Amino acid sequence: MSTATLGAATVLHVQLHSPTPGHLDALSYELLLDLLRGVTPLVQPQPPDEAVLDVAGALGYFDTTPAGICALIRARSLALYGVDTSIGAAANPLLARLAAAALPPGRTLVLHPGEVPAFLAPLPPITLPGIGPAAARTLAQLGLTTLDRIAATPAATLQRALGAAAGRRLADQARGIDRSPVVPGRLERSLAAEHTFPYDELDSERQRAVLLALAHDLGAALRGRGEVAAALTLTVRYADRSTTTRTRRLTEPTAHGPALVEVLYRIHQGLGLQRARVRHLTLRAGELGPADGAPRQLTFDGGADRSRLHEAAADRARARFGPQAITQAALLPVPDGPRVRASDARPG
């Protein structure tokens with residue numbers, strides 16, 4: 001299906017709302033994905049609690065409208081699992097995501113082609129995927145603070161401001177054009193650590209302290225499972241419920257805390273979150289594999305090996321005396337601590 005044009009609302013972005021605080025656990029999420037696959041086989045998971053569906057075929061099969069499909073999904077989710085939904089329906093994944101982003105649980109928004117320009121017009125550019133606070137500030141300096149202004153700006157101007165590829169993508173997105181397909185698939189095995197701030201956190205140093213805790217917590221969980229990760233994904237959720245997600249592959253698969261911290265800090269710095277109102281951070285380790293046999297870069301000074309030996313000794317101490325037996329001073333002020341959530345779904 002081509003999603004570049006503004007046709008019928010055949011793409012759904014489904015947000016699944018846990019009945020308890022926090023995200024859905026991994027098992028509940030997988031069960032709900034199976035429920036969605038009962039409506040259409042074209043389901044693209046977006047963990048921890050979202051999914052994108054192509055329902056073009058389902059409309060004819062169920063002889064209903066996009067709103068009818070949304071109502072069917074909500075009724076089944078509530079009846080079988082007690083999980084409410086908010087669903088955006090539109091012509092492509094971008095518009096469906098934007099439609100769902102501001103909805104409370106139990107609400108549905110179907111965007112018809114004629115409604116798209118008015119819907120997009122007042123939205124700030126940071127609501128678009130790939131536009132973080134740094135890019136938004138660059139656009140604001142040009143007076144481009146809403147999508148209608150960006151849509152009226154020549155693509156060449158956007159390319160000069162953000163770069164060729166990013167400028168072209170933004171010019172399309174501001175008009176509601178999205179060429180990405182819905183890619184069905186199964187969940188990859190992953191491990192995640194997350195932290196919710198009790199307030200809107202603007203201090204980047206406090207954010208980094210939490211990221212330090214998340215990385216070490218995640219590394220310890222990986223080592224406990226005898227696994228290493230080949231990629232890290234950081235998702236930042238802001239006070240307005242919009243999110244930014246960045247993924248970076250590691251130079252080598254690892255569960256070593258300092259190596260994870262180094263990559264995570266680079267991701268965070270690249271987002272340019274100065275004065276951004278951050279509410280939630282999720283760190284996900286992907287492309288997991290067994291630690292035995294994983295390639296590792298040799299060093300001449302032996303510093304990395306000593307660090308790993310110290311880390312292994314600390315792991316043994318924590319296993320015997322508790323998680324707070326040995327910790328870093330920088331981790332002590334972090335409130336409430338991160339929570340680790342594992343997803344044991346097998347790759348598809």
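## The chain as a whole

The chain exposes about 16,700 Å², and carbon and sulfur atoms supply 56% of it; accessible areas here come from the Shrake-Rupley method with a 1.4 Å probe, and for residues only the protein chains shown count as cover. Please keep in mind that this is a predicted model, in which local features need pLDDT of at least 70 and side-chain atom pairs count only at pLDDT 80 or more, while totals for chains, interfaces and linings use all residues. Residues are numbered from 1 along each chain as its sequence is written, and side-chain values use heavy atoms, with hydrogens and water left out.

Of the 348 residues of the chain, 46% count as buried. Buried means under 20% relative accessible area, exposed means over 50%, and partly exposed is in between, with a 1.4 Å probe and protein chains only. The chain has twelve helices and eleven strands, where helices (H or I, at least four residues) and strands (E, at least two) are DSSP runs numbered from the N terminus. Among contacts between residues at least 6 apart in sequence, 71% join residues at least 24 apart; contact means heavy atoms within 4.5 Å.

## A five-stranded open sheet

Let's turn to a sheet. Five strands form an open sheet in the order β2-β3-β1-β4-β5, with mixed pairing. Its edge strands are β2 (43–46) and β5 (108–110), each of which pairs on one side only. Two strands pair if DSSP finds at least two bridges between them. Neighbouring strands of this sheet are turned by 15° against each other on average, direction ignored. Axes are lines fitted to C-alpha atoms, for helices over the stretch in contact, and angles run from 0 to 180 degrees between N-to-C directions.

Helix α1 (residues 26–37) lies across β1 (11–17), β2 and β3, and runs at about 160° to β2. In strand β4 (residues 84–90) you will find T85, which is buried with a relative accessible area of 1%. Leaving aside neighbours within four places in sequence, T85 is in contact with V14, Q15, L16, H17, R74, S77, P105, G106 and R107.

## The edge strand β2 and its partner

Strands β2 and β3 form a hairpin with three residues between them. They pair in the antiparallel sense over four bridges, with β3 covering residues 50–54. Within this pairing, Q44 has V52 as its bridge partner in β3, and P45 has A51.

In a regular strand the side chains alternate between the two faces of the sheet. Along β2, V43 and P45 point to one face and are buried, while Q44 and Q46 point to the other and are not.

## A nonpolar patch on the surface

L27, L31, L80 and Y81 form a nonpolar patch on the surface, with about 400 Å² of accessible area together. The elements that give two or more residues to this patch are α1 and α3 (66–81). Patches are made of residues with over 30% relative accessible area and no salt bridge, joining like charges within 9 Å and nonpolar side chains (Val, Leu, Ile, Met, Phe, Trp, Tyr) within 5 Å. A salt bridge is a side-chain nitrogen of Lys or Arg within 4 Å of a carboxyl oxygen of Asp or Glu.

One member of the patch, L80, sits in helix α3 and is exposed, with a relative accessible area of 59%.

## The β7–β8 hairpin and L222

Strand β7 (residues 227–238) and strand β8 (residues 243–254) run antiparallel and are joined by eight bridges. One of the residues in β7, L232, has R248 in β8 as its bridge partner. The two strands form a hairpin with four residues between them, and R241 in the turn has a positive phi of about 75°.

L222 is found in helix α10 (residues 204–225) and counts as buried at 0% relative accessibility. Not counting residues up to four places away in sequence, L222 touches L191, E227, A229, T254, A255, A285 and L288. L222 and H256 are 34 residues apart in sequence and 8.9 Å apart in space, C-alpha to C-alpha.

## Two loop residues with positive phi

Most residues other than glycine have a negative phi, and most peptide bonds are trans. D63 is not a glycine, yet has a positive phi of about 50°. D63 lies in the loop between α2 (56–62) and α3, and is exposed with a relative accessible area of 72%.

E287 also has a positive phi, near 50°, in a residue other than glycine. E287 lies in the loop between β9 (278–286) and β10 (289–290), and is partly exposed, with a relative accessible area of 39%.
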